[in-house]
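Subject: Structure for you to look at

Hello,

Here is the structure I said I would pass on. Please open it first, then read the notes below with it on your screen.

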Amino acid sequence: AIVETLNISGFATLIASNETEALQILNEEKIGLVISDVNLNESNGINLLEKIKMHQANIPVLIMTAFASIENAVQAMRAGAVDYLVK
């Protein structure tokens, strides 16, 4: 639903199926915003956020989750997320 909404609104989107693919896309493409779920197949969005910020600190990262917790929100914001949204 998020990808469709962004595409309809005129934004180009790229989708990564895992952390490795996401990091590869970030190295190869000019990215304006990363949207990541907290729960990823082989990792989690907070780990991905930390890796992104180590290499490309200027890319804004938005963390989303269906399972909200204050702990995850605080951890995401401390790691450099621009926002933490509950689906």
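Two strands count as paired if DSSP finds at least two bridges between them. With that in hand, find L62, which stands opposite D83 in β3. Please keep in mind throughout that this is a predicted model.

The sheet

In general, strands of a sheet pair through backbone hydrogen bonds, either parallel or antiparallel. Which order do the strands take here? Three strands form an open sheet in the order β1-β2-β3, and the pairing is parallel. β1 and β3 (83-86) are the edge strands, since each of them pairs on one side only. From one strand to the next, the twist averages 25°.

The pairings can be followed one by one. Strand β1 covers residues 34-37 and strand β2 covers residues 61-65; they run parallel and are joined by four bridges. Within this pairing, I35 of β1 has L62 in β2 as its bridge partner. On the other side, β2 pairs with β3 in the parallel sense, again over four bridges. L62 is a useful residue to start from, with I35 as its bridge partner and D83 opposite in β3.

In a regular strand the side chains alternate between the two faces of the sheet. Where does this show in β1? V34 and S36 make up the covered face of β1, while I35 and D37 make up the uncovered one.

T65 belongs to strand β2. Is T65 buried or exposed? Its relative accessibility is 1%, so T65 counts as buried, the cut-off for buried being under 20%. Not counting residues up to four places away in sequence, T65 touches D37, V38, Y84, L85, V86 and K87.

The helices

Helix α3 packs on the sheet and touches β1 and β2. The direction of α3 makes about 175° with that of β2.

α3 also packs against another helix. Two packed helices are described by the angle between their axes and the distance between the axes. For helix α2 (residues 19-28) and helix α3 (residues 45-55), the angle is about 25° and the axes are 11 Å apart. Why is α2 called roughly parallel to α3? Because angles under 35 degrees count as roughly parallel, the angle of about 25° makes α2 roughly parallel to α3. The crossing of α2 past α3 is right-handed.

Which residues meet there? From α2 there are E19, A22, L23 and L26, and from α3 there are N47, L48, K51 and I52. By type, the residues of this contact divide into five nonpolar, one polar and two charged.

Two more residues to find

E50 sits in helix α3. With a relative accessible area of 36%, E50 is partly exposed. E50 and A76 are 26 residues apart along the chain, and their C-alpha atoms are separated by 8.8 Å.

A16 is in the loop between α1 (2-8) and α2. A16 is also partly exposed, its relative accessible area being 33%. Leaving aside neighbours within four places in sequence, A16 is in contact with E21, A22 and I25. A22 is also among the α2 residues that meet α3. From A16 to S36 there are 20 residues in sequence, and the C-alpha to C-alpha distance is 9.6 Å. S36 is one of the residues on the covered face of β1.

Regards

Terms used. Residues numbered from 1 in each chain as written. Predicted model: local features only at pLDDT ≥ 70, side-chain atom pairs only at ≥ 80, totals over all residues. Heavy atoms only, no water. Axes fitted to C-alpha atoms, helices over the stretch in contact; angles between N-to-C directions. Helix = DSSP H or I, 4+ residues; strand = E, 2+ residues; numbered from the N terminus. Parallel < 35°, antiparallel > 145°, perpendicular 65-115°, else oblique. Left-handed = near helix turned anticlockwise from the far one by under 90°. Contact = heavy atoms within 4.5 Å. Nonpolar A, V, L, I, M, F, W, Y, C, P; charged D, E, K, R; others polar. Buried < 20%, exposed > 50% of the residue type's maximum accessible area, 1.4 Å probe, protein only.
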